[in-house]
Amino acid sequence: MNLLIKIATLTWLSLMTIAPVLAGDSDEELRHEISFLAKKLLDKSGGDSVTIEQPAYMKPFIGICSDVSRRGVKLTCITPGANASKAGLKTGDLITSINGIEMSTSSSRESENAFYGITKTMKTGDELVMKLVRKGEKRTITAIVGDIGQPAYTLTVSKK
């Protein structure tokens, strides 16, 4: 069981690194990133194959893509129909604080820690009060965290 937790953690961290690839790079780059992840999974398992089974579940979801920097959280895409869109968030908005926690800090690392700290702990139904800048104008927008279903899957990685 401990091995599965390590593999799941590695999978999560690796998926965070390939998110930019998923957002628009080529199929070839995506294959390379997935191959790299598969090798790491096999190396961690110590065997010739590893299988991960994930049951279906619901997770908190607001519907944004973002680029975090020391200036704040720039929204790079908004999922149509998701709660971010319903609240009035727009691509290009620069979020400077969420629920009173500053996203605009002295370093990109601090901004990332603040933003990902909030996203890791948010729950469906939570209210996010965001101060932001849109086209030079300061605004405050409140969005309610929704949820999104993740399907069950089985992932098997094996050496040839």
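**View 1. Ser97 faces Lys131 across the β5–β7 pairing.** In this predicted model, Ser97 of strand β5 sits opposite Lys131 in β7. Helices and strands here are DSSP runs numbered from the N terminus, with H or I over at least four residues for a helix and E over at least two for a strand. Ser97 is buried, at a relative accessible area of 4%; buried means under 20%, exposed over 50%, and partly exposed in between, using a 1.4 Å probe and protein chains only. Not counting residues up to four places away in sequence, Ser97 touches Glu102, Met103, Val129, Met130 and Lys131, a contact being heavy atoms within 4.5 Å. Residue numbers start from 1 along each chain as its sequence is written, and side-chain values use heavy atoms, with hydrogens and water left out. As for the predicted model, local features need pLDDT of at least 70 and side-chain atom pairs count only at pLDDT 80 or more, while totals for chains, interfaces and linings use all residues.

**View 2. Strand β5 and its partners.** How many of the 5 residues of β5 are buried? The count is 4, so β5 is largely enclosed by the rest of the structure. Strand β5 (residues 94–98) pairs with β7 over 4 bridges in the antiparallel sense; two strands count as paired if DSSP finds at least two bridges between them. Antiparallel pairing also joins β4 to β5 through 2 bridges, with Val73 and Ile95 as bridge partners. Another 2 bridges tie β5 to β6, again antiparallel, and here Ile98 partners Ile101.

**View 3. Strand β7 and its two faces.** Strand β7 (residues 127–134) turns Leu128, Met130, Leu132 and Arg134 to its covered face, while Glu127, Val129, Lys131 and Val133 line the uncovered one. Follow Val133 to see both of its neighbours: Leu94 stands opposite Val133, and Lys138 in β8 is a bridge partner of Val133. The β7–β8 pairing is antiparallel and runs over 8 bridges, with β8 covering residues 137–144.

**View 4. Two hairpins, two positive phi values.** Most residues other than glycine have a negative phi. Asn99 has a positive phi of about 50° although it is not a glycine. Asn99 belongs to the hairpin of β5 and β6, with 2 residues between the strands, and counts as partly exposed at 41% relative accessibility. Lys135 takes a positive phi near 50° in the hairpin of β7 and β8, which has 2 residues between the strands. Lys135 is exposed, with a relative accessible area of 86%.

**View 5. Inside the largest nonpolar core.** This core holds 20 residues, and those with the most contacts inside it are Val73, Leu89, Ile95, Ile98, Met103, Leu128 and Met130. A nonpolar core is a set of buried Ala, Val, Leu, Ile, Met, Phe, Trp, Tyr and Cys residues joined through side-chain atoms within 4.5 Å. At least two core residues come from each of β4 (72–78), β5, α4 (108–121), β7 and β8. Zoom in on Val73: leaving aside neighbours within four places in sequence, Val73 contacts Ser66, Asp67, Val68, Asp93, Leu94, Ile95, Met103 and Phe115. A second, separate core has 7 residues, including Leu37, Ala38, Leu42 and Ile52.

**View 6. Helix α4, inside and out.** Which residues of α4 are buried? They are Ser111, Ala114, Phe115 and Ile118. These four cover an arc of only 90° around the axis, which puts them on the same side of α4; the arc is taken from the directions from the helix axis to the C-beta atoms. The buried residues of α4 pack against β3 (64–69), β4, β5, β6 (101–102) and β7. On the other side of α4, Arg109, Asn113, Lys120 and Thr121 are exposed.

**View 7. The whole chain, and where to be wary.** The protein chain has 4 helices and 10 strands, and buried residues make up 28% of its 160 residues. Its average pLDDT is 85, with 84% of the residues scoring at least 70; pLDDT is the predictor's confidence in each residue, from 0 to 100. Over residues 12–23, though, pLDDT stays under 50, and the model has 10 contacts beyond four places in sequence for them. Where pLDDT is low, the predicted coordinates should not be read in detail.
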